[in-house]
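New to this one? Let's go through it together, one feature at a time.

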Amino acid sequence: MSEKLSRLGIDLPLLPLTTVGSFPKPSYLLAARRKYKKESQLLKNAETNATRYWISAQERLDFDVLVHGEMERGDMVAYFGEELEGFMPGGKEDLVRSYGNRFWIPPHIVSPVRWKEPLTLGAWEFAQSLTKKPVKGMLTGPATIHDWSLDRFYGNRHTTVLAIAQALRYEIDVLIQNGVKIIQIDEPSLAQTEFFFDTILEAFHIMIDGLSEKAYFIMHTCYGEDIFESLYPRMLELPVDNLDIETANSGMKFLHTIERFPVVKDLSLGFVDVHTRDLERVDTVRDWMRLALTIIPKEKLWLGPDCGLKTRTVGDAELKLVVLSAARDMIRACV
Ligand SMILES: [Zn+2]
């Protein structure tokens, strides 16, 4: 797929290093989010400063494909719920526990879901203006937006997911028209979609058909445990160029599944676990990368963490990036 990126004007080194998307918000931004309304210029200034910080951190560590860090997003679904037509914010009575001591309030779908204006373009444009390296356009996928919301309108998962996909298609069109070359669609809820995969596949076709020569598409998913073993051959049917899958958390066990099928897409694997603050050793990560290269051709492997790093502290997240970068330097010197 590197030929496709070259055609799009992006030349990446072997074993491109990237991250999944979100970074932790610094304390001044968390304070600003508590204190100011969404429209406040003071809050926007805090988001801008935090974005600058994370872009410079990625540049300093020589990441190849950058992310803007999602400083403007409360969580990956509520943000889209705030910005798309058809959603209403949930109330405290809807509080859901996700994992550990983290809670979120799912938005409600109350009328037809429609795209009304760009949701993610401004944040991407700002981040891309800070660097010459490519910055990914970042979207939460339609199944995840559905599954982490409360549907009070459609009453049918298939219909709702496709309606959300149609709305996201407008966003993808706008991103591409404005120069985004790499677009990542996050579908952590794929782990719960074993029996709905045909819906997901149809949704991805709605989002991507006709655009596959205009951008390079990545689908990220994570924490599917054993379900991914059976789902992986179906993931290979998705009309994307790159599958980005958590692997470090399960001790690289997923490589056994990858090994059983031809490598027909680029694969981005996770080499540091984002669910623990324990820091991986650089030589362990290097060895995992080496192991992955015994199964995946070097032209098709991308390197990164398991998932977004936003649940860690700023310092811990940055240390994970340091480990990834150092292990990448070691492995790149040997290939
Ligand atoms: Zn994830």
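What follows is a short chat about a sheet, two helix pairs and one loop residue in this predicted model.

Q: Let's start with the open sheet of six strands: what is the strand order, and how do the strands pair?
A: To read a sheet, go across it from one edge to the other and note who sits beside whom. Here the order is 5-7-8-9-10-11, and the pairing is parallel. Strand 5 (137-140) and strand 11 (301-304) are the edge strands; each has a single partner, so one side of each has no neighbour in the sheet. On average, neighbouring strands are turned by 20° against each other, ignoring direction.

Q: How many bridges join strand 10 to strand 11?
A: Pairing is read from bridges, so look for those. Four of them link strand 10 (residues 266-270) with strand 11, and the two run parallel. For one example, find serine 268: its bridge partner in strand 11 is tryptophan 302.

Q: Now helices. At what angle do the axes of helix 11 and helix 12 cross?
A: For a helix pair, check the distance between axes, then the angle. Helix 11 (residues 282-293) and helix 12 (residues 314-332) have axes that come within 8 Å and cross at roughly 55°. The two are therefore oblique to each other, and the crossing is right-handed.

Q: Which residues of helix 11 and helix 12 meet?
A: From helix 11 come Val282, Val285, Arg286, Met289 and Arg290, which meet Val323, Leu324, Ala326, Ala327, Met330 and Ile331 of helix 12. Sorted by type, this contact has nine nonpolar residues, no polar ones and two charged.

Q: How do helix 2 and helix 3 pack?
A: Same routine. Helix 2 (residues 27-35) packs on helix 3 (residues 41-60) at about 160°, with the axes 9 Å apart. Angles over 145 degrees count as roughly antiparallel, and that makes helix 2 roughly antiparallel to helix 3. This crossing is left-handed. Tyr28, Leu29, Ala32 and Arg33 of helix 2 meet Leu42, Leu43, Ala46, Glu47 and Ala50 of helix 3. The split there is seven nonpolar, no polar and two charged.

Q: Last one: is leucine 309 buried or exposed?
A: Count the neighbours: 20 or more other C-beta atoms within 10 Å means buried. Leucine 309 has 25, so it counts as buried. You'll find leucine 309 in the loop between strand 11 and helix 12.

Q: What is leucine 309 in contact with, beyond its neighbours within four places in sequence?
A: Its contacts are Thr19, Ser22, Phe23, Pro24, Val274, Ala317 and Lys320. Take valine 274: it is 35 residues from leucine 309 along the chain, yet their C-alpha atoms are separated by 5.8 Å.

Technical notes:
Residues are numbered from 1 along each chain as its sequence is written. This is a predicted model: local features need pLDDT of at least 70, side-chain atom pairs count only at pLDDT 80 or more; totals for chains, interfaces and linings use all residues. Helices (H or I, at least four residues) and strands (E, at least two) are DSSP runs, numbered from the N terminus. Axes are lines fitted to C-alpha atoms, for helices over the stretch in contact, and angles run from 0 to 180 degrees between N-to-C directions. Angles under 35 degrees count as roughly parallel, over 145 as roughly antiparallel, 65 to 115 as roughly perpendicular and the rest as oblique. A crossing is left-handed if the near helix is turned anticlockwise from the far one by less than a right angle, and right-handed if clockwise. Two residues are in contact if their C-beta atoms, placed from the backbone, lie within 7 Å. Ala, Val, Leu, Ile, Met, Phe, Trp, Tyr, Cys and Pro count as nonpolar, Asp, Glu, Lys and Arg as charged, and the others, Gly among them, as polar. A residue is buried if 20 or more other C-beta atoms lie within 10 Å of its own, exposed if 12 or fewer, and partly exposed in between; C-beta atoms are placed from the backbone.
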